[in-house]
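Hi,

Here is the structure I promised to send over. Have a look at it first, and my notes on what turned up follow below.

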Amino acid sequence: MSSIKKVVLAYSGGLDTSAIVPWLKENYNCEVVAFVADVGQGAEELEGVEAKAIASGASECHIVDLKDELVADYIYPTLKTGAIYEGTYLLGTSMARPIIAKAQVEVARKVGADALSHGCTGKGNDQVRFESCFAALAPDLKVIAPWREWDLSSRESLLDYLAERNIPCSASATKIYSRDANAWHISHEGGELEDPWCQPSDQVWTWTNSPEQAPNESLLVQLSIKNGEVIAVNGEKMSPFQVLTTLNEIAAPHGIGRVDIVENRLVGMKSRGCYETPGGTVIMAALQAIDELVLDKTSRKWKDTLANEFSHLVYDGRWFTPLKDSILAAAEAFSTLASGEVVLKLYKGQVTAVQKQSENSLYSEDFATFGEDDVYDQSHAEGFIRLFSLSSRISAMNNK
């Protein structure tokens, strides 16, 4: 242990990382540098975090603004693939981990650290995500995961540990939920959510209205899309981060983006989580609406495969891999067609694309109409059906 001289800790200011700072100093006899990633979790969570880190025993604290980069270089590319984990989860926590890990490594290089540390538990996905990124970016740096080493086993024991050392902490033993927030979403776990039969109480949700609380009047919002990226909201051009924050403000009052799921964790167990992703849910609906217009049947089928594969890649923390580059390249090819305008109706927790158009649309009213047309000869369908069903016909003949 004495070989470790300086550790960069992914620090949040919460109970776990507040205890990790002194624990690292005591058990590794090393200097601890705190690293805080600003991924859009909000000013309230970042307020006073540097002072907390120093009070806990850190020699310095680096707060790195990653908000714009997160949305432009991690969220938007993921959206181009259409990735949704297990059909429901929009990967809010997962997408933020690689950029946080990369920035932590950059701070470690800057300060000359020889180790990295995090506050992930031995039960969760995040330990795998962080350490897989560390392995890809800085295999020479040792990784210290206190939750896999120390004998502190509960919230109460962590509070006692800090109290014994006179280290201030605003946490209490009565905290109910574990939450993770960034510009894309906020997640909730613990408390009554550990029982899948228990309906989430109003205490769980912090960002969005319930459908019952949402306005009784629907709201229309128009998104402009170019090459698979939302570039404007209601005609106003914006950066990716501005698009997301604007849509969060618009959609949250209407109860958009609530999800309550039991998911398969990477480490093998199932866990229940409640997620709020208001703006992201609107963006995903708009991109799906454009795909409906511009992608043919086989292309949509292949993109569904890419989406499923990429959802597992992101969830499992394999961002810095050749597979990620390969899937994103395929998604980028489809995105060259994905340009247009979509109008979405927000109402009582639901998002519905009610108008959509694209210069690359494959939809033709002349061909699709139920009325009279002069472009489609319906008698041609008979030959198509005979060829399409030929293998079934031959199989039936053989069975006779």
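Asn29, just after helix H1, has a positive phi of about 50 degrees. Keep in mind that this is a predicted model, so that angle, like everything below, is computed from predicted coordinates.

H1 itself runs over residues 15-28. Its 14 residues reach 20 Å from the first C-alpha to the last, close to the 20 Å expected at 1.5 Å a residue. The helix is mostly covered, with 10 of the 14 residues buried. Those are Leu15, Thr17, Ser18, Ala19, Ile20, Val21, Pro22, Trp23, Leu24 and Tyr28. What do they pack against? On the strand side, the partners are E1 (6-10), E2 (31-38), E4 (115-117) and E5 (142-144); on the helix side, they are H3 (49-56) and H7 (155-164).

Zooming out for a moment: the protein has 14 helices and 14 strands, and its C-alpha trace spans about 85 × 55 × 45 Å along the principal axes. Of the 400 residues, 48% are buried. If you take contacts between residues at least 6 apart in sequence, 73% of them join residues at least 24 apart.

One of those distant pairings in sequence caught my eye. Ala72, in helix H4 (residues 67-81), sits 168 residues from Pro240 in sequence, yet the two C-alphas are 5.7 Å apart in space. Setting aside neighbours within four places in sequence, Ala72 is in contact with Pro77 and Pro240. Is Ala72 buried or partly exposed? Its relative accessibility is 27%, so Ala72 counts as partly exposed.

Ser187 is another residue to click on. You will find Ser187 in strand E7 (residues 186-190), and with a relative accessible area of 7% it is buried. Again leaving out neighbours within four places in sequence, Ser187 is in contact with Thr93, Ser178, Arg179, Asp180, Cys274 and Tyr275.

That brings me to the cysteines. How many disulfides are there? The count comes to 0. Take Cys30: the nearest cysteine sulfur belongs to Cys61 and is 16 Å away, so with a cut-off of 2.5 Å Cys30 is in no disulfide. Cys30 is buried, at 7% relative accessible area. Cys198 is in no disulfide either; for Cys198 the nearest cysteine sulfur is that of Cys274, at 9.9 Å. Cys198 counts as partly exposed, with a relative accessibility of 28%. Cys274, you may recall, is also on the contact list of Ser187.

Last, the cavities. The structure holds 1 cavity of 30 Å³ or more, and the largest cavity has a volume of about 30 Å³. Which residues line the largest cavity? They are Thr78, Leu79, Ala83, Leu90, Met95, Trp184 and Met284. By type, that lining divides into 6 nonpolar residues, 1 polar and no charged. The polar one is Thr78, because Leu, Ala, Met and Trp count as nonpolar.

If you open the model with these notes alongside, I would begin at H1 and finish at the cavity.

Cheers

Definitions and conventions: Residues numbered from 1 in each chain as written. Predicted model: local features only at pLDDT ≥ 70, side-chain atom pairs only at ≥ 80, totals over all residues. Heavy atoms only, no water. 1 Å grid on protein atoms, 1.4 Å probe; cavity = no way out; pocket = protein on both sides within 12 Å on 5 of 7 lines; lining within 4 Å. Points joined across faces, edges and corners; volume = space filled by probe spheres on them. Buried < 20%, exposed > 50% of the residue type's maximum accessible area, 1.4 Å probe, protein only. Helix = DSSP H or I, 4+ residues; strand = E, 2+ residues; numbered from the N terminus. Expected span 1.5 Å × (residues − 1). Contact = heavy atoms within 4.5 Å.
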